[in-house]
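Here are some friendly notes to read alongside the model. Take the points one at a time, and find each residue on screen as you go.

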Amino acid sequence: MIAVVQRVLRASVECGGEVRGSIGPGALVLLGVQKGDTAADAEYMSRKVAGLRMFDDAQGRMNLSAAEAGGSVLAVSQFTLAADCRKGKRPSFDSAAPSDEAEPLYEAFVAGIRSAGLSVETGVFGAAMDVELTNHGPVTFVISSRGAFGEEPQP
């Protein structure tokens, strides 16, 4: 599983001309599910994102999680994060999990964030969406449940 996590002042996702999810200050999470991902990956990622200290404390240091800062999460599925762009000019999506496998893991990720006490809005799984955001900082992190370069992540 791979996620792009951005600290935002606001973010929203629109599908078919209708706003499906919208948050004020918090984190926008674009989540890609890869072949071979399991419920353990979803649990790891939800724990990691919920606890990520990316919000400023009173001294201006990134020392607070979204919950501690009173923020929300907008979670948007994005299979293109699993793309392999190393060869040629056309990305390969062979490593992206098929929808019937990816959707339950995306939902498990969202449930994990909610169980950490955060308010979560979502897009529409598998749909074409327009995402609008104001990145604050800018602060952006890329997180993988497989760790950097394919090694196992730290527990």
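1. Let us begin just after helix H3, where Gly 117 follows with a positive phi, near 95°. Most residues other than glycine have a negative phi. Please keep in mind throughout that this is a predicted model.

2. Now step back into H3 itself, which runs over residues 99-115. The helix has 17 residues, and the distance from its first C-alpha to its last is 24 Å, close to the 24 Å expected at 1.5 Å a residue.

3. Which residues of H3 are buried? They are Ala 102, Leu 105, Tyr 106, Phe 109, Val 110, Gly 112 and Ile 113. These residues cover an arc of only 155° around the axis, so they sit on the same side of H3. On the other side of the helix, Asp 100 and Ser 115 are exposed. Try looking down the helix axis to see this for yourself.

4. What covers the buried residues of H3? Strand S3, helix H1 (39-51), strand S6 and strand S7 (120-122) are among the elements that do.

5. Helix H1 deserves its own look. Its 13 residues should span 18 Å at 1.5 Å a residue, and because its end C-alpha atoms are 18 Å apart, the two values agree. The buried residues of H1 are Asp 41, Ala 42, Tyr 44, Met 45, Ser 46, Val 49 and Ala 50. They pack against S1, S3, H2, H3 and S8.

6. Next, the largest pocket, which has a volume of about 360 Å³. It is lined by 20 residues, and the closest to its centre are Ser 77, Gln 78, Phe 79, Ala 127 and Met 129. Strand S3 (26-32), strand S6 (72-77) and H3 each supply at least two residues of the lining, and S3 gives the most, with four residues. By type, the lining divides into 14 nonpolar residues, six polar and no charged.

7. Ser 65 and Ala 66 make a good pair to compare. Ser 65 is in the loop between strand S5 (62-64) and helix H2 (66-69), while Ala 66 is in helix H2. Are they buried or exposed? The cut-off for buried is under 20% relative accessible area. Ser 65 has 6% relative accessibility and therefore counts as buried; Ala 66 has a relative accessible area of 3%, so this residue is buried too.

8. What do these two residues touch? Not counting residues up to four places away in sequence, Ser 65 touches Ala 50, Gly 51, Leu 52, Arg 53 and Phe 55. Leaving aside neighbours within four places in sequence, Ala 66 is in contact with Ala 50, Leu 52, Phe 55, Gly 71 and Leu 118. Ala 66 and Ser 119 are also worth finding: they are 53 residues apart in sequence and 9.7 Å apart in space, C-alpha to C-alpha.

9. Do not skip the start of the chain. Met 1 lies in the segment before strand S1 (2-15). Its relative accessibility is 0%, so Met 1 counts as buried. Met 1 and Asp 37 are 36 residues apart in sequence, with their C-alpha atoms 6.2 Å apart in space.

10. Last, please look at the backbone in strand S8 (residues 130-144), where Pro 138 lies. The peptide bond from Gly 137 to Pro 138 is cis, with omega near -5°. Most peptide bonds are trans.

How values were computed:
Residues numbered from 1 in each chain as written. Predicted model: local features only at pLDDT ≥ 70, side-chain atom pairs only at ≥ 80, totals over all residues. Heavy atoms only, no water. 1 Å grid on protein atoms, 1.4 Å probe; cavity = no way out; pocket = protein on both sides within 12 Å on 5 of 7 lines; lining within 4 Å. Points joined across faces, edges and corners; volume = space filled by probe spheres on them. Nonpolar A, V, L, I, M, F, W, Y, C, P; charged D, E, K, R; others polar. Expected span 1.5 Å × (residues − 1). Buried < 20%, exposed > 50% of the residue type's maximum accessible area, 1.4 Å probe, protein only. Arc of directions from axis to C-beta. Contact = heavy atoms within 4.5 Å.
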